[in-house]
Each structure stands twice: as C-alpha cells, then as structure tokens.
Amino acid sequence: MDHSGHGMTMDLPPFTLGRGLEWSADPFFLIACLAGLALYGWGVVRLVRRGDKWPVGRTVAFAIGVLSIMLVMCTQLNDYGMVMFSVHMVQHMVISMVSPILILLGAPITLALRALPTAGRGRRGPRELLLMFLHSHYMRIVTHPAFTIPLFIASLYGLYFTPLFDFLMGSKPGHIAMMVHFLAVGLVFFWPIMGVDPGPHRPGYLMRMLELFAGMPFHAFFGIALMMASEPMVETFKNPPASLGIEALSDQNAAGGIAWAFSEIPSVLVLVALLFQWYASDQRQAKREDRAADRNGDKELEAYNAYLSSLHARGN
C-alpha cells in the first residue's frame, strides 16, 4: 500500500488508540511546534526578568494548544489519518478547532508586543513590523466575519466534496499545506470571537456569540451528510488497506459523527470563555468607575444630594 502522504510503503495494523499515539514525527510540524514553544518561553522569561507579570493560565493554554498540534501531527495518528477518514477527521477537528482556541487564549501577540524591544525613533524592528501587520488593511479583511465565516464553511464543503482534497492528500507538501490551512482558518475564525490579543475587529460580546453560532449549523450539517451518506464520498478513503480491517462507508460514517460532535464541544468551550471574559470585563469597568468616583469626590452623588436638598427646601 502506497502511503502517498509520507511517500512510503507500509501496511498499518488495525487501529488502536495505543498504536495511534506512538511517536511518528512529521519534521515540519515538530520543528514549528518546538520553535513556537521556545519563542513563547523566551517572551515569558523576558517579562519575568524585568519584573513584569504574565498570567500562568495563558502560558498553560498556549503550551497545551501547541502540544495538541504535536499530538495529531507527530504521532501515528498522522499515519493512520492518511488512510482512515475517521482518524483524519480527528486531526482536522483538533487542529482547526481545539488548537486555535487554546493558542488564542495564550495571547501570543500580546506577549510579543510586551516582550519585543522597541526599535527606536525612525526605525522598524520586529515589534514595529508586527504592529504594522496588525493594523494593515489585509488583517481587517481576513478577520472580518464576512470573510471568516464563509472561509470556515468553504474549508469543509469546498475541500472534501471536490477533487482538491484528493490532490492535496496525494503528496506530503500538499498534506502539510492542508493542515496549515486548517490551523490558519481556525485562528482567524476564533480570534475576533474570543481571542485575548488585540485585533482589527473586536465586536461586543453578544455579536461575538452570534458570530460563533453562525458557522456551527453548517459544520453540524457537514457531519450529518457524511453520517447519512450511502456510499463513500471521498476518493482518498474509498479503498482502505486490507490490513486495517475496516469498511470505507462505516469509517466515513464515524468521521461524520466526529465532525458533528466537534461542532458542539468547542462551541460550548468558547461560549464559556466568552461569558467569563464578559464578566471579567464588567468587573474591570466597575472598578474603573469606582476609581473615577473616588478621584472626583463622587460628584454625581453630591449633585444628586444637593438636588434632593433643594426639593426639600422648596417643600418647606
């Protein structure tokens, strides 16, 4: 059996979770993930050394997010995902919905802006280039809901139900490009909704919830379509190797169930994160108003008391 995505011939034994979790690193994702962890760690250490604080929760979220990418791309899940639709769908869902949410909760852009040194007047260093990129017209477009929601939907229907999927699965660079695309789509979709980092679009919390749920029905229907199909719909997975001991249609139905489940679970996680952020934002606003009242000697209350006194005097 030609394992086309890795360019090697192998007969995989029947899938078990233990076999799927065995180490089998994809060099591209291994290097990228280790570099991401190292850069994030450098930023945290730089802040701590100069006496600044960085929330431990953000570091933990980012680390788990990157490790979740390694889990699906640097183990035999990646090998089985080349020949089993169900395992591939686990990879897709994790790298497009779980990993981006955790990485965004780690606020890597905020960390970079705080850790990178300023280049000085009239010069452009990494920090200045990052700020230019964040404020660019390009970023305003790719993070706008009118772009992110259709892109999120098209990444399912436009990929799996066209020959593009088979083309990308036919080579190692194509497979890597597809997985990078899944990660990028997840990041730009969830960033305006629940990202901690500053961005071109930061709507109110109610609008963020609407954006979240706008794409989920299409995601759920995609999973249902795979579950209800009466024949295999993706050429790559039509003839699974005999060594796996699986049937293509039942494996596709399982993939549909996985896609459907992942349209629900991350939505709940993001909703909880949004509600928590909303509550924290209200608390910060209340504290700011209390501090302003203290500085102003509570002028509004004094004015109201004076008004009541004037009414009382008139009544007398």
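This report walks through the empty spaces, the nonpolar core and a few single residues of a predicted model.

## The enclosed cavity

Let us start inside. Rolling a probe the size of a water molecule over the atoms shows where empty space is left. A search of the whole structure turns up one cavity of 30 Å³ or more, and the largest cavity holds about 70 Å³ of space. Three elements each give two or more residues to its lining: α5 (85-105), α9 (145-160) and α11 (172-194). Helix α11 provides the largest share, with four residues.

Which residues line the largest cavity? They are His-92, Ser-96, Phe-152, Ser-155, Leu-156, His-181, Phe-182, Val-185, Gly-186 and His-219. Sorted by class, this lining has six polar residues, four nonpolar ones and no charged ones.

## The largest pocket

Now look for the largest pocket, which contains about 840 Å³ of space. Its lining is made of 32 residues, and the closest to the pocket centre are Gly-36, Phe-62, Ile-103, Pro-108 and Leu-187. Two or more lining residues come from each of α2 (27-49), α3 (56-73), α5, α6 (108-115), α7 (126-134) and α11.

Which helix gives the most to the lining of this pocket? That is α2, with 10 residues. By class, the pocket lining has 29 nonpolar residues, two polar and one charged.

## The nonpolar core

In soluble globular proteins, nonpolar side chains tend to be buried together. In this model, the largest nonpolar core has 70 residues, and Met-89 and Phe-190 are those with the most contacts inside it. Helix α11 supplies the largest share of this core, 11 residues. You have met α11 already, as it also gives residues to the linings of the largest cavity and the largest pocket.

## Helix α12, end to end

Helix α12 covers residues 205-228, and you can check its length yourself. At 1.5 Å a residue, its 24 residues should span 34 Å, because the span is counted as 1.5 Å times one less than the number of residues. The C-alpha atoms at its ends are 35 Å apart, so the model agrees with the expected span.

An α-helix has 3.6 residues a turn, so residues three or four places apart point the same way. Keep that in mind while you find the buried residues of α12: Tyr-205, Arg-208, Met-209, Glu-211, Leu-212, Gly-215, Met-216, His-219, Ala-220, Phe-222, Gly-223 and Leu-226. One of them, His-219, also lines the largest cavity.

## Three residues to look up

Thr-75 sits in the loop between α3 and α4 (77-80). Is Thr-75 buried or exposed? Its relative accessibility is 5%, so Thr-75 counts as buried, the cut-off being under 20%. Its side chain reaches the backbone oxygen of Leu-71 at 2.6 Å.

Ala-107 is in the loop between α5 and α6. Although Ala-107 is not a glycine, it has a positive phi of about 50°. With a relative accessible area of 0%, Ala-107 is buried. Trp-260, by contrast, belongs to helix α13 (residues 248-295) and is partly exposed, because its relative accessible area is 40%. Ala-225 is 35 residues away from Trp-260 along the chain, yet their C-alpha atoms are separated by 9.6 Å.

How values were computed:
Residues numbered from 1 in each chain as written. Predicted model: local features only at pLDDT ≥ 70, side-chain atom pairs only at ≥ 80, totals over all residues. Heavy atoms only, no water. 1 Å grid on protein atoms, 1.4 Å probe; cavity = no way out; pocket = protein on both sides within 12 Å on 5 of 7 lines; lining within 4 Å. Points joined across faces, edges and corners; volume = space filled by probe spheres on them. Nonpolar A, V, L, I, M, F, W, Y, C, P; charged D, E, K, R; others polar. Buried < 20%, exposed > 50% of the residue type's maximum accessible area, 1.4 Å probe, protein only. Core = buried A, V, L, I, M, F, W, Y, C linked by side-chain atoms within 4.5 Å. Polar contact = N/O pair within 3.5 Å; in protein donor to acceptor, adjacent residues only side chain to side chain.
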